[in-house]
Amino acid sequence: QVQLVESGGGLVQAGGSLRLSCAASGSIFRINAMGWYRQAPGKQRELVATITTGGSTNYADSVRGRFTISRDNAKNTEYLQMNSLKPEDTAVYYCNAEVDSGVYGVRNYWGQGTQVTVSS
């Protein structure tokens with residue numbers, strides 16, 4: 001089994017910054033792609049950003065230029081630096097990771113979610 005634990009959410013004023021972290025632990029041989037998703041009230045979960053093992057990144061148009069995804073492979077941790085936050089960024093943010101657990105196979109895991117609230 002693998003657990004993803006997020007931290008770093010909170011309340012911030014528009015224009016402010018937050019940094020989310022997501023640490024993976026458990027039966028990990030290798031972590032492939034990692035990513036962040038978000039879900040606002042009454043809306044579907046949407047992709048925010050992804051990063052490959054080699055560091056290639058992809059961003060939603062709505063956050064490109066304001067958010068930066070990164071990872072520390074030695075610590076099995078990914079990060080989301082969020083700058084110039086807007087009220088429309090308010091959502092529960094979920095981390096995601098595709099984990100190769102060796103003999104246990106490859107599975108997709110989700111964190112428990114962390115609330116980000118941006119006030120105007």
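**Exercise 1. Work out whether Cys95 is buried or exposed, then follow its bond to a partner.**

Solution.
Step 1. Cys95 has a relative accessible area of 0%, so this residue is buried. Keep in mind as you work that the model is a predicted one.
Step 2. Next, look for the sulfur partner. Cys95 is joined to Cys22 by a disulfide, with an S to S distance of 2.1 Å. That fits the cut-off, which asks for sulfur atoms within 2.5 Å.
Step 3. Check the partner too: Cys22 has 1% relative accessibility and therefore counts as buried.
Step 4. Now place both ends. Cys22 belongs to strand β3 (residues 18-26) and Cys95 to strand β9, so the bond ties together parts that are 73 residues apart in sequence.
Step 5. Finish with the handedness. The torsion about the S-S bond is about 50°, and the disulfide is therefore right-handed. The structure holds one disulfide.

**Exercise 2. Find which rings form an aromatic pair, and classify its geometry.**

Solution.
Step 1. Two numbers are needed here: a pair of aromatic rings is described by the distance of the centres and the angle of the planes.
Step 2. The search gives one aromatic pair. Its members are Tyr37 and Trp110, at 5.0 Å centre to centre and with 65° between the planes.
Step 3. Planes over 60 degrees apart count as edge-to-face, and that is the class of Tyr37 and Trp110.
Step 4. Tyr37 lies in strand β4 (residues 30-39) and Trp110 in strand β10, so this pair links parts that are 73 residues apart in sequence.
Step 5. For accessibility, Tyr37 comes out at 21% and so counts as partly exposed. Trp110, at 38%, is therefore partly exposed as well.

**Exercise 3. Determine which ring lies under Arg45, and which lies under the charged end of Arg19.**

Solution.
Step 1. Start with Arg45: it lies over the face of Tyr94, 3.7 Å from the ring centre.
Step 2. Turn to Arg19. Its charged end sits over the ring of Tyr79, at 4.1 Å from the centre.

**Exercise 4. Trace how β5 pairs with its neighbours β4 and β6.**

Solution.
Step 1. Strand β5 (residues 46-51) pairs with β4 in the antiparallel sense, over five bridges.
Step 2. On the other pairing, β5 and strand β6 (residues 57-59) run antiparallel and are joined by three bridges.
Step 3. Use Ala49 of β5 as a landmark: Trp36 stands opposite Ala49, and Ala49 also stands opposite Tyr59 in β6.
Step 4. Inspect the turns. The hairpin of β4 and β5 has six residues between the strands, and there Gly42 takes a positive phi near 75°. In the hairpin of β5 and β6, with five residues between the strands, Gly55 takes a positive phi near 100°.

**Exercise 5. Describe the surroundings of Asp100 and the setting of Tyr104.**

Solution.
Step 1. Asp100 is found in strand β9. Its relative accessible area is 11%, so Asp100 is buried.
Step 2. Leave aside the neighbours within four places in sequence; the contacts of Asp100 then include Arg30, Asn32 and Val106.
Step 3. Tyr104 sits in the loop between β9 (91-100) and β10 (106-110). With 66% relative accessibility, Tyr104 counts as exposed, because the cut-off for exposed is over 50%.
Step 4. Compare sequence with space: Tyr104 and Val116 are twelve residues apart in sequence, and their C-alpha atoms are 34 Å apart.

How values were computed. Residues numbered from 1 in each chain as written. Predicted model: local features only at pLDDT ≥ 70, side-chain atom pairs only at ≥ 80, totals over all residues. Heavy atoms only, no water. Helix = DSSP H or I, 4+ residues; strand = E, 2+ residues; numbered from the N terminus. Buried < 20%, exposed > 50% of the residue type's maximum accessible area, 1.4 Å probe, protein only. Phe/Tyr/Trp six-rings, centres within 6.5 Å; stacked < 30°, edge-to-face > 60°. Lys NZ or Arg CZ within 6 Å of the ring centre and 35° of its normal. Contact = heavy atoms within 4.5 Å. Pairing = 2+ DSSP bridges.
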